[in-house]
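Here are some notes to read alongside the structure, written for someone meeting such a description for the first time. Please keep the sequence and the model open while going through the points.

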Amino acid sequence: MARIALIVNGSREVLEVEENKTLLSVLRNQLQLTGTKEGCGSGDCGACTVLMNGKAVNACLVLAMEADGQEITTIEGLGQTGNLHPLQSSFIAHGAIQCGFCTPGMVLAAKALLDENPHPTEEEIRKGLAGNLCRCTGYVKIVEAIQAVSSEI
Amino acid sequence: MIPFRYLRPSSLEEARDILARDGKAKLLGGGTDLLVQIRAEKCTPSCLIDLKGISGLSFIRSLPGKVVIGALTPISEICSSEVVRLRLPMLAQACGQLGGVQTRNKATLGGNLCNASPSAETACPLLVLEASVTISGKDRERTLSLLDFFIGPGMTALGPLEILKEITIPLPEGRIGTCYQKLGRRSAMEIAITNVAVSVQREGDRCLDPRIALGAVAPVPMRALAAESILKNAVWDLRRVDEAADSAARVCKPISDVRASDWYRREMVKVLVQRALRSAWEKAKI
């Protein structure tokens, strides 16, 4: 066991963690932030995407110990009921959500993309989201939702 | 996941001390290969030594005649580096095809090389660029050409107490054209079925210093030397390009695995080498 201190969604958290635990496991099981999902556990699906110091990473491949001293943003930090982030509103408005399992990861990957490149081409959007799989939607409406937000920037 | 200890030394000597005490400790870079292997129990370390706590291992330095990149530099930083995009565009291009954004933000150049997959994204471009690696050992540092660094699938020339420190890439001179071609079943998040990197130096209608590297088709990333000698100092013509591509396809030693069969890989070496050579030659015009 070891102690880590990290900033999650703007709040400082001090936690005792087992050294082999992933950030994903700690977010979900110790901080009860279950918006971040486990789709594959091997960094292939992107459902566990969070922002670490503003950069999109797969939380299943980040050890909790590696997150010590870092700033983490999860989907809960992006928007809340009644106070949605523009990306969240746009996803809803464009029908970009079916089962919703990929959505938190998609939204955070989209945020990371737009933070770096506010006006991406369609190809750049698809490339920026290449690490996020969706089994339901076929991606078209996800891309449209992101384009809509981009056009407002 | 199996239990393991996590240690974060603040110097290479500290890291070496841990390695010396514990033969089952593994070095951790970005973890995007290692953690996957641990989860699949293909690797069962007692302890992970996180190198990210050691300062001075993550950098991209532009020096006269060369670029030096620290082993712990994230792949995403290499993709977006101005000096790499300008002077080593093939490396930036290959890095941009490694995994997806999330992987690139965490994976490191050193990790990609030390994992030593025959299909490693950065291997072929760096072999063509004739990069060398600087390795930190107990009492000395040594430099090795990258070609000598890979000794087998997943195996490098690193000794048990050695740590890869930095990668030195000589800057190409003259009218150089380069091209990286990766073939996969999909356009991202893919391990190459076959990947190829090529560099040609153009002088008039002659090709000087052709370099061809093949990945995912041999136990290690390799240079196709016989193919190179077909083109070397010769007048460029497509017949010779075909001959070189043919030669490269003949010398590689692909295996069949879950991604592709050996005969298909061999066919694709020929196709990718042709494409890469033609593209590199065109780029050398400018």
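1. B:Glu141 is partly exposed, with a relative accessible area of 46%, in what is a predicted model. Its side chain takes part in a salt bridge with B:Lys165, in which the closest N and O atoms are 2.5 Å apart. This pair links distant parts of the chain, since B:Lys165 belongs to strand E10 (residues 163–170) of chain B and B:Glu141 to strand E7 (residues 141–145) of chain B, with their positions 24 residues apart.

2. Salt bridges also occur within helices, and B:Arg239 and B:Glu243 form one of them, with N and O 3.0 Å apart. Both residues lie in helix H11 (residues 238–251) of chain B, where a spacing of 4 residues corresponds to about one turn of the helix. B:Arg239 is exposed at a relative accessible area of 53%, because the cut-off for that word is over 50%, while B:Glu243, at 36%, counts as partly exposed.

3. A further pair to look at is B:Glu13 with B:Arg16, a salt bridge whose closest N and O atoms are 4.0 Å apart. The two are 3 residues apart in helix H1 (residues 12–21) of chain B, and are therefore separated by about one helical turn. B:Arg16 has a relative accessibility of 7%, so this residue counts as buried. Over all chains, the structure holds 27 salt bridges.

4. Which residues are linked with B:Lys106 in a network of salt bridges? They are A:Glu66, B:Arg8, B:Asp50 and B:Lys52. B:Lys106 itself lies in the loop between helix H6 (101–104) and helix H7 (109–115) of chain B, and it counts as buried because its relative accessibility is 8%. Leaving aside neighbours within four places in sequence, the contacts of B:Lys106 include A:Met52, A:Val57, A:Leu61 and A:Val62 from chain A, as well as B:Gly30 and B:Thr32 from chain B.

5. In chain A, the axes of helix H3 (residues 86–93) and helix H4 (residues 103–116) come within 10 Å and cross at roughly 125°, which means that H3(A) is oblique to H4(A). The crossing of H3(A) past H4(A) is right-handed. On the H3(A) side the contact is made by A:Leu87, A:Gln88 and A:Phe91, and on the H4(A) side by A:Thr103, A:Met106, A:Val107, A:Ala110, A:Lys111 and A:Leu114. Sorted by character, the residues of this contact are 6 nonpolar, 2 polar and 1 charged.

Methods. Residues are numbered from 1 along each chain as its sequence is written. Chains are lettered from A and ligands numbered from 1 in the order in which they are written. This is a predicted model: local features need pLDDT of at least 70, side-chain atom pairs count only at pLDDT 80 or more; totals for chains, interfaces and linings use all residues. Side-chain values use heavy atoms; hydrogens and water are left out. Buried means under 20% relative accessible area, exposed over 50%, partly exposed in between (1.4 Å probe, protein chains only). Contact means heavy atoms within 4.5 Å. Axes are lines fitted to C-alpha atoms, for helices over the stretch in contact, and angles run from 0 to 180 degrees between N-to-C directions. Angles under 35 degrees count as roughly parallel, over 145 as roughly antiparallel, 65 to 115 as roughly perpendicular and the rest as oblique. A crossing is left-handed if the near helix is turned anticlockwise from the far one by less than a right angle, and right-handed if clockwise. Ala, Val, Leu, Ile, Met, Phe, Trp, Tyr, Cys and Pro count as nonpolar, Asp, Glu, Lys and Arg as charged, and the others, Gly among them, as polar.
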